[in-house]
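This report describes selected parts of a protein model for a reader who has not seen it before. Please look over the sequence and the structure below before going on.

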Amino acid sequence: MKIPLSWIREYVTIPAKLTAEQVAQAFVKVGFEVESIDQQGQDLKGPLVVGKVLTIEELSGHQKAIRFVGVDVGEKKIRYVICGARNFKVNDLVVVALPGAVLPGEFKISARQTYDKLSDGMICSAKEIGISDEHAGIIVLPEGKVGEDAVALLDVKDVIFDISVNPDRGYAMSVRGLARELAASLQLKYKDPADSKLGKKFGKDKNPKAISVKIEDKSGADLIYIRTLDQVNVKKSTPLWMQRRIEKCGMRSISLAVDITNYVMLELGQPLHAFDAQYIMGGLRVVRAGKFTKLTTLDKVDRKLEPDHLLIADAKTPLALAGTMGGLTSEVSASTTKIALEAAHFDPMSVARNSRAHNLSSEASRRIERNTDPALAEIASARATQLLIDLADAKYVGTSTAGSPIKNRKIKISLTKISRYLGYSYSLKQAKNAFELIGCKVAGGADLLTVEVPTWRADLVNFADFAEEIARINGYDQIPATLPVGKAGAGLTAMQYRKRSVAISLANQGFTEVINYPFVSQEMVDLLGFTGDRAKSFKIANPMSEEFPLLRTHLLPGLLTTAVRNIGRGSKDLAIFEIGTVFRNTTQLGKAVTPGVDKRPSEKMINDIYAGVPNQMLFVGAVVTGEKILSNWQGAGSRFSWSDAIAQAQEIIESTGNEYEVLSSELAPWHPGRCAEIRVNGKPVAHAGELHPRVIGALNLPERSCAFAVILSELPTAGISKAPAIWSYPAVVQDVALVVDAKTTAAALTAALKKGAGALLESIELFDRYDQVASNKVSLAFTLTFRASDRTLTSDEVARYRDEAVAQASKEVGAVLRGNA
């Protein structure tokens, strides 16, 4: 939120010696990030005065419309200046920079000959004097005296702070809230602009001519005020002081009635809305949309309504998206004379749903989503009513209310517990002072304090919230910096070790780890051909983007999107991986549980919490394109192939101590015949291979791009691994080539050979595959390595072991020695 220092000074007596940087640091001290400091008018020098337009001569014969303007600046003679703006007329008051003035950007003003005329100064726009970005036309003043200092009139010299307000501090989205925080930080006196007496002034008379109000949906609002005013002169100009304050806060001056509601919102933090009362039929209601299906808002957009959207409606039609934006039909216009002024304490979640559903974030919704002070509905509406009476000559008619005011909460706080929690022993005086500075009332002493929480601090709920307030008001620098002490014997879980080791291994091999958002589009799911469990996703109620409304069921959508983006930016050879959870809607979820934070939840509650969230499997996935060994002047490199992808997946599974079998698979989005399914204990835990040409073509990936995915959480935890014995006797090697049916997998044949070869088989390795043997037959050649621990094996022994292995393979899979086939 942007806030001018001059406005803060009305409520906090800030010492003149404090610099803008020191004020910013005071905000930072109590937890507010200052994003920028704009010192307006600092680089503005020289005569800048109010001028009155006396004559306008249109100059023709030029590429753009040019005016030669005569202005009275309080001198004996008329000054003439060249101006290209069209938004002013004779008798308007404007801002004139006289020769000798220096505008922001070291733009020096002097008399000069241009367009065959002598321009003796310049009529200025708001951007040219550095008070806003508006440059569509020059400044036309609603008031001022000819020859008066325009810098002082416009209050140009000021400091504007742009402060980031956290979601739990809605009260700080106002001058009132930020001034209180600054006063607390600097230990200065604070004057609250929220005058409760003013609220009572307009709350006594009940007039049947006043617009009535009802809260029909009590989940949407708990308090609302409607103040009716008649004979409102909306054509009157907004006072210059109000315009400037609104502009300094980053908003535009629109019209008197709208400006007053915005001004009060900026001042106190309570959004207001003004309805043209002549278009209200039978009173106002706070309702859900229900059967209402459409509302045209002030921005002239037709909004499609869902049944649960919160509205302000009359007896027949919807008039506003509650807390978000008003409707066009009841807009205050130049012909408006009677106004119904609305101020309400809406449910933050309902307004947030309105805002998200319509992609419509307004100044009002941003405040209500963060929770406004319920007591302000009465006070802010009264403040705006008084301003309309004072500035627009309005006549007060009456007030209608619905709902009940929220009472202040009282909470008991142990100072000893807070000191132990924060690691610093705070005195009773420090604690009381901190609570009182933020608006609380404190009773009690010694250790136990009774704190009455003000209505604007709905975020103060539990013990930790109050501990934070004591720490930030007294300064975080008081808390000594100490390293936390962990539990004795604590360490990483087996799954955390597994996750780290896999990540380190892949990184050491040249892979780059990426972290993607867990959101995907339905188009990507359809493109990759996900079916079954992989197509059962969760749709997010309030997605970050409507383009990606689903939770991912696999890592490949995010990895492929990242690969496409990097390839589009010039990457050629790419190897990226991600370790993360996926979410599959395969089981009925229990009811969501929100446990308290004051004690450890029971085992039953913990089980209920897990039952209420989706099953989240931990995956590691990777996408690889291009060369694994790069080509250079020494020769050609080698490309990453589908077999390399399978080997990577096997390596990950082997690192967990598990044995596996490899089967051919046709799972999308992999290429049929170039995809392997890897199973552990008969359960599929990984897929790897080359991506389908259809997917590669649709995403414009390089040819033969590969991918693999392993479910880390589905791999059993292996026991303690024992290192193999180191034997001193030499190994004896035997090669064997077997012909089997083309459908027989290498894994099945390998298992049969292992079984038949006996205990002295040290290793077995497939080194050749030959397809041109016979129809539907294939030759697989293996190297069998034998070794004994107590002797050197003879050739006869090894030949016998080999023959037994071949016999077992013949028995199980019908293998035949290649020479005998």
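## Strands 31 and 32

Strand 31 and strand 32 run antiparallel to each other and are paired over 11 bridges. Strands here are DSSP runs of E with at least two residues, and helices are runs of H or I with at least four residues, both numbered from the N terminus. Two strands count as paired if DSSP finds at least two bridges between them.

The model is predicted, so local features need pLDDT of at least 70 and side-chain atom pairs count only at pLDDT 80 or more, whereas totals for chains, interfaces and linings use all residues. Residues are numbered from 1 along each chain as its sequence is written, and side-chain values use heavy atoms, with hydrogens and water left out.

Strand 32 covers residues 615-625, and 9 of its 11 residues are buried, so this strand is largely enclosed by the rest of the structure. Buried means under 20% relative accessible area, exposed means over 50%, and partly exposed lies in between, for a 1.4 Å probe and protein chains only.

## The seven-strand sheet

Strands 31 and 32 belong to an open sheet of 7 strands with mixed pairing, in the order 28-31-32-38-37-36-35. Its edge strands, each pairing on one side only, are strand 28 (512-513) and strand 35. Helix 18 (residues 642-655) packs on the sheet and touches strand 32, strand 35, strand 36, strand 37 (683-691) and strand 38. The direction of helix 18 makes about 20 degrees with that of strand 38; axes are lines fitted to C-alpha atoms, for helices over the stretch in contact, and angles run from 0 to 180 degrees between N-to-C directions.

Strand 32 also pairs with strand 38 (residues 706-711), in the antiparallel sense and over 6 bridges. There, A622 stands opposite F708 of strand 38. Strand 35 and strand 36 run antiparallel and are joined by 4 bridges; S664 has A676 in strand 36 as its bridge partner.

## Arginine 584

R584 lies in strand 31, which spans residues 574-584, and stands opposite N615 in strand 32. Which side chain of opposite charge is nearest to R584? It is that of D533, 5.3 Å away, and R584 is buried without a salt bridge. A salt bridge requires a side-chain nitrogen of Lys or Arg within 4 Å of a carboxyl oxygen of Asp or Glu. For charge, Lys and Arg count as positive and Asp and Glu as negative, while His and the chain ends are not counted.

The side chain of R584 does reach the backbone oxygen of T553, at 3.0 Å. Leaving aside neighbours within four places in sequence, R584 has contacts (heavy atoms within 4.5 Å) with residues including D533, T553, H554, M617 and F619.

## Backbone details

Most residues other than glycine have a negative phi, and most peptide bonds are trans. The peptide bond from A668 to P669 is cis, with omega near 10 degrees. P669 is in the loop between strand 35 (661-664) and strand 36 (670-680).

D116 is not a glycine, yet its phi is positive, about 65 degrees. D116 sits in the loop between strand 9 (112-114) and strand 10 (117-119) and is exposed, with a relative accessible area of 70%. K300, likewise not a glycine, has a positive phi of about 65 degrees. K300 is in the loop between strand 18 (294-296) and strand 19 (302-304), and is exposed at a relative accessible area of 66%.

Notes: A polar contact is a pair of N or O atoms within 3.5 Å; within protein, one must be able to donate a hydrogen and the other to accept it, and residues adjacent in sequence count only if both atoms are side-chain atoms.
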